[in-house]
Amino acid sequence: MPQPARFRYEAVAELIAQGVRDGTLAPGTRAPSLRAIAQQQRTSLTTALQAYRLLEDRGILQARPQSGFFVADVPRLPAPATTRPSLQPTEVALSALMLTMLEHASDERYVPLGCAIPSPALLDSAKLDRMLARSARVRGATHNTYSPPRGEAALRIEIARRALRWSQQLAPDDIVITCGATEALALALSAVTQPGDTVAIESPTYFGALQVLRALRLKALELPTDARRGVSLDALAAALEAQPVAACLLASSFNNPLGCTMAEHDKQALLALLATHRVPLIEDDVYGDIHFGAERPRPFSALDAGDRTIYCASFSKTLAPGYRVGWVASRRHLPKLLEAKFAATLAAPVLPQLALAEFLASGGYDAHLRRLRRAFADTLRRMTEVIAAHFPAGTRVSQPAGGFVLWLALPKAVDTRALFHRALEERICFAPGVVFSAAGRYANCLRLSGGWGWDARIEKGLRRLGALAASMTGQLPSPGAPPTAPR
Ligand SMILES: Cc1ncc(COP(=O)(O)O)c(C=O)c1O
């Protein structure tokens, strides 16, 4: 749902986006010239250009050199249907498929459509490295010690400052720096649950979160989830009535793998429902900064006047997966979080925290995020085009408004576990659907990561994957599919 425009260029962009949605501006046709738009809307050329750049970021327009802007040719494959898990608490099994996928995550010989890792080429690594080197050079010896239990104050202040932009009030002292969002989720869960408890989650959900539940001996209660609107509130209400639920764990925005984001009024309704049942919410906001729309969606904790939400996030998807810096925040649960942090890893490494604090303070993060969002929106759009042309008829694909993964539901004849092994033989990696469910659902689904960005190898690998999937349905591979494996 489009949000109200705050700036003139956003209003102009929304006008064009509406024209595309209602078919007035057809895919592939030239968009009105900047001059025409400026005149019609009685605005400046700069504002018109800003509006078009925003639409480009969102994958709605494409700039073509020397020809102007065109409406993007986004093929309209249907979105996956709302999922229907059983609403029974399930123990999480260790997934051998997941371990195989992780083994290939950093192997450059494989086409990297598997793990949701941003390509180092898209990250501002050189600048970050300089800041890390300077921190080490200037006061290295004084940094070779333990961080305070909460983590470095400089970083916590920068994180709290940024959160204010989307009206999230995080006091620096309520933040605990962690080893990535993974540790944040583990600390949050151990603060509010006991072994044997049940945690309500989106289905499908990020396999790493499932493994944290497993490690803490928690059961997963998978909720029906819509690829656009997020979890079903009715199903959550029924589950809360039917059995004790110790916590609810949801993505703040752009869930991995579906890409769904709940509308703000649904987030508020969910918070009210959980408050009635006194169930804490743990939210995972690792993808929040990668929004293709004008505004960053607000996390649940920004809407939660009752302070029942534990907020988890990290820099892994936008800046530095290798630094392993994340954070967990909650005033109400801070003592438990600190206790769990102490028991788990005592403190986070100092230098990566200081480098990130300096990076944020330097003001370069916003420009970096703009480039990153544009790259991911463009990659997902191109991937969707290839999927429409090369995957078997009947394939459905998510249309996320942020993040960098796509979720595909293939015809039932395709078992993506078999497809996974077949694709590995050809050095193509992707994430099979079953790893995203505690109960092993989604055998005909898969997740593709667009984290690498777009290049000829990704395109070739994706076409080949489509041809392999098509051969499992008995459909002929598309004539465009290459006969040999990509390297
Ligand atoms: C939804 C989600 N949460 C958490 C993580 C893990 O984040 P980190 O690398 O910061 O531990 C991932 C990584 O793929 C993820 O997709």
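This is a short talk on two sheets, two cavities and two buried residues in one structure.

Okay, hi everyone. Before I start, please keep in mind that this is a predicted model.

Let's begin with the smaller list of strands. Five strands make an open sheet, and if you walk across it you meet them in the order E4-E16-E17-E15-E14, with mixed pairing. Which strands stand at the edges? Those are E4, residues 111-113, and E14, residues 396-397. Each of them has a single partner strand, so one side of each has no neighbour in the sheet.

Now let's walk across and look at some of the pairs. E4 runs parallel to E16, which covers residues 428-432, and three bridges link the two. If you want a spot to click on, try Pro112, whose bridge partner in E16 is Cys429. Over at the other edge, E14 and E15 are antiparallel and joined by two bridges. There you can find Val397 standing opposite Leu408 of E15. E15 also pairs with E17, again antiparallel, through five bridges. One place to see that is Leu406, which has Leu448 as its bridge partner in E17.

Let me stay on E15 for a moment. How many of its five residues are buried? Five of the five, so we can call E15 mostly covered, buried here being under 20% relative accessible area. In a regular strand, side chains alternate between the two faces of the sheet. In E15, Val405, Trp407 and Ala409 point one way, while Leu406 and Leu408 point the other way, and all of these are buried. And what lies across this sheet? Helix H14, residues 365-390, lies across E4, E14, E15 and E17. Its direction is at about 20 degrees to E15.

On to the other sheet. This one is open too, and it has eight strands in the order E3-E7-E6-E10-E11-E12-E13-E5, with mixed pairing. Here the edges are E3, residues 90-91, and E5, residues 175-178; each has a single partner strand, so one side of each is left without a neighbour in the sheet. Two helices to look for here are H8 and H12. H8, residues 207-215, packs on the sheet and touches E6, E7 and E10. The direction of H8 makes about 175 degrees with that of E6. H12, residues 334-344, packs on the sheet as well, touching E5, E12 and E13, and its direction makes about 20 degrees with that of E5. If you zoom in on E12 and E13, you'll see an antiparallel pair with four bridges. In that pair, Cys312 stands opposite Val328 of E13.

Next, the holes. How many cavities of 30 Å³ or more does the structure hold? Two. The largest holds about 150 Å³ of space. Its lining is made of 18 residues, and the ones nearest the centre are Trp166, Asp289, Arg296, Tyr311 and Trp327. Helix H6 (153-164) and strand E12 (309-314) are the elements that give two or more residues to that lining. By class, you get 11 nonpolar, three polar and four charged residues around this cavity.

The second largest cavity has a volume of about 40 Å³. Around it sit Glu202, Gly230, Ala251, Ser252, Ser253, Cys260, Thr261 and Met262. That lining splits into three nonpolar, four polar and one charged.

Last stop: two single residues. First up is Gln243, in the loop between helix H9 (233-242) and strand E10 (247-251). Is Gln243 buried or exposed? It's buried, with a relative accessible area of 19%, and the cut-off for buried is under 20%. Setting aside residues up to four places away in sequence, Gln243 touches Leu87, Pro89 and Leu221.

Then there's Ala423, which is in helix H15, residues 416-425. Ala423 is buried as well, at a relative accessible area of 0%. Leaving out neighbours within four places in sequence, Ala423 is in contact with Ile428, Phe430, Leu465 and Leu468. For a sense of distance, take Gln169, which is 254 residues from Ala423 along the chain: the C-alpha atoms of the two are 46 Å apart.

That's my tour, thanks for listening!

Methods: Residues numbered from 1 in each chain as written. Predicted model: local features only at pLDDT ≥ 70, side-chain atom pairs only at ≥ 80, totals over all residues. Heavy atoms only, no water. Pairing = 2+ DSSP bridges. Contact = heavy atoms within 4.5 Å. Axes fitted to C-alpha atoms, helices over the stretch in contact; angles between N-to-C directions. 1 Å grid on protein atoms, 1.4 Å probe; cavity = no way out; pocket = protein on both sides within 12 Å on 5 of 7 lines; lining within 4 Å. Points joined across faces, edges and corners; volume = space filled by probe spheres on them. Nonpolar A, V, L, I, M, F, W, Y, C, P; charged D, E, K, R; others polar. Buried < 20%, exposed > 50% of the residue type's maximum accessible area, 1.4 Å probe, protein only.
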